[in-house]
Each structure stands twice: as C-alpha cells, then as structure tokens.
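Dear colleague,

I am handing over the structure below, and I would be grateful if you could look through it before reading my notes.

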Amino acid sequence: METPVQSPVPAKDHGSEGTFKIIAFAGLLGILALIHFLDPSFYPQIIHLARGGNIQETVGFLRSFGPWAVAISFLLDVFINAAGCLPSIFLSTANGVVFGLPLGILISWAAESVGVILSFLIMRYFLRSTAEKVIAKSNNLQRLDEMSSDNGLVAMALARTLPYFPSGILTCLGAISRMKLRDYIIATFVGKFPSTALEVVVGHDIIHFRQHMDRLAILATLVILAYGLLLYNRYKDRNA
C-alpha cells in the first residue's frame, strides 16, 4: 500500500505581503492627508514649534486650548515621537511649565512611550524583512540579532534611560532586530520614565532659573556624569 504523498507546506506569499504593505502604507498616508485636510496649519505649526524651540510660544499654544490642553499635548507628543524625525524636548519642557512637574512628567512619559511604540510597529512592519536579508549575509550581524532577542529588554531599557539621546535611532535599532514587541514595550515604559522626567524637570528649571538654580545645577551635573560614564565605558571596551 502506497503511502500518500504529503503536500508541501505552501511557501510564504511574498506577493500578498507586498500588496498588504502597499495598502497599509497608503492608509497611513491617507491618515496624514486627512489631518492636513481637517487642519492645514497643523504640520506647519508643529514644524515651526519644533525647529524654533521657543518654549514660551509652545506654552502659549498649549494654553490656547484651555481644558483640552492635556489631550492636545498628549496627541502632539505621540505624533512627534511616532514620526521620529522631530525633537520633542520643547514639548516636554512646555508640559512641565503648563501643567506642573508631576502632571507634565506623566503626560510626556506616557505620550513619548506610546509614540515610539507606534514608530516601532511601523518600522518593524516595513523594515524587518529587508533587514533580515542584510543580516543573513553577515555572521556578526546574525550574532547581534540573536543577542537582541535574548537580552534586548535590558539593553533597550538602559539605552532609553539616557536623556536627550535621539529616540528615533533606538526605535530603528529595535525595529530591525529580533527583539520581541512585549520586551520593547516594557523596556520603553521603564527606561523612558527617568529620562523623560529629567528632561521635563531640567527644562522647567531653566525657564524658572532663579527659583530652581540649585536643583538645576545638581541635575546638570548628573547628566554630565551619566554621559561621561557612558563615553568612558565605550572607550574602555574599545581598548580592552
């Protein structure tokens, strides 16, 4: 009696995946276009505020929304961090001034975390397949990719604790690695809190320099020591 031949497992339909990515990308562009249609001044205003870094202007912009200022600030911070190409420090500083330190820290931390997680999902979906092809050609990259799967949570959490470090770089590195989404979310929320809190407090104290010069001096010293320690460890590793 002949054993029935099992049908091979169907190969991954790259054509369907490519089509879905095109549809998803078109949908994303559609959302961005809809925002522009509803409020043509939205993008120019955000770019102007981000590039100018005028804190007083940003404070006035948020306060103009009255009781909706918290929701507007949150959504703007999410958008800026999801885009990954604009700095959000001006908004973090304004949050501390407008809402006070506890609420300003909470809004900035939550919004920045949600924004970089959305950015991670977008980058992971569109870039990971391309990254896999590049990684497959290098043994060193393969080892790093495996390490990101095993130890990615700790490494990303530590990297996120660094204040004023370009967030988009860390998001991109995480997205093209094998790091699990769950680990990235945990690492982001854990690591983002101290760095965001420091940025809000420092920004707030710079605006109110005379009232908080002692605390500002201590925080500035801590930031310098943190970056100095990081650079020292990198130098030590290179010369080991």
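The notes that follow deal with one pair of helices and then with one pocket.

This is a predicted model, in which local features need pLDDT of at least 70 and side-chain atom pairs count only at pLDDT 80 or more, while totals for chains, interfaces and linings use all residues. Residues are numbered from 1 along each chain as its sequence is written, and side-chain values use heavy atoms, with hydrogens and water left out.

Helices here are DSSP runs (H or I, at least four residues) numbered from the N terminus. The axes of helix 5 (residues 89-99) and helix 9 (residues 181-207) come within 8 Å and cross at roughly 70°, where axes are lines fitted to C-alpha atoms over the stretch in contact and angles run from 0 to 180 degrees between N-to-C directions. The two helices, helix 5 and helix 9, are therefore roughly perpendicular to each other (a term for angles of 65 to 115 degrees). In their contact (heavy atoms within 4.5 Å), I89, S92, T93, G96 and V97 of helix 5 meet E199, V200, G203, H204 and I207 of helix 9.

The second largest pocket (an open set of points on a 1 Å grid where a 1.4 Å probe fits, with protein on both sides within 12 Å along at least five of seven lines; lining residues have an atom within 4 Å of a point) has a volume of about 600 Å³, this being the space filled by probe spheres set on the points. Of the 21 residues that line this pocket, L32, I35, F42, V78 and F79 are the closest to its centre. Helix 4 gives the most to the lining, with 7 residues.

With best wishes

Technical notes. Parallel < 35°, antiparallel > 145°, perpendicular 65-115°, else oblique.
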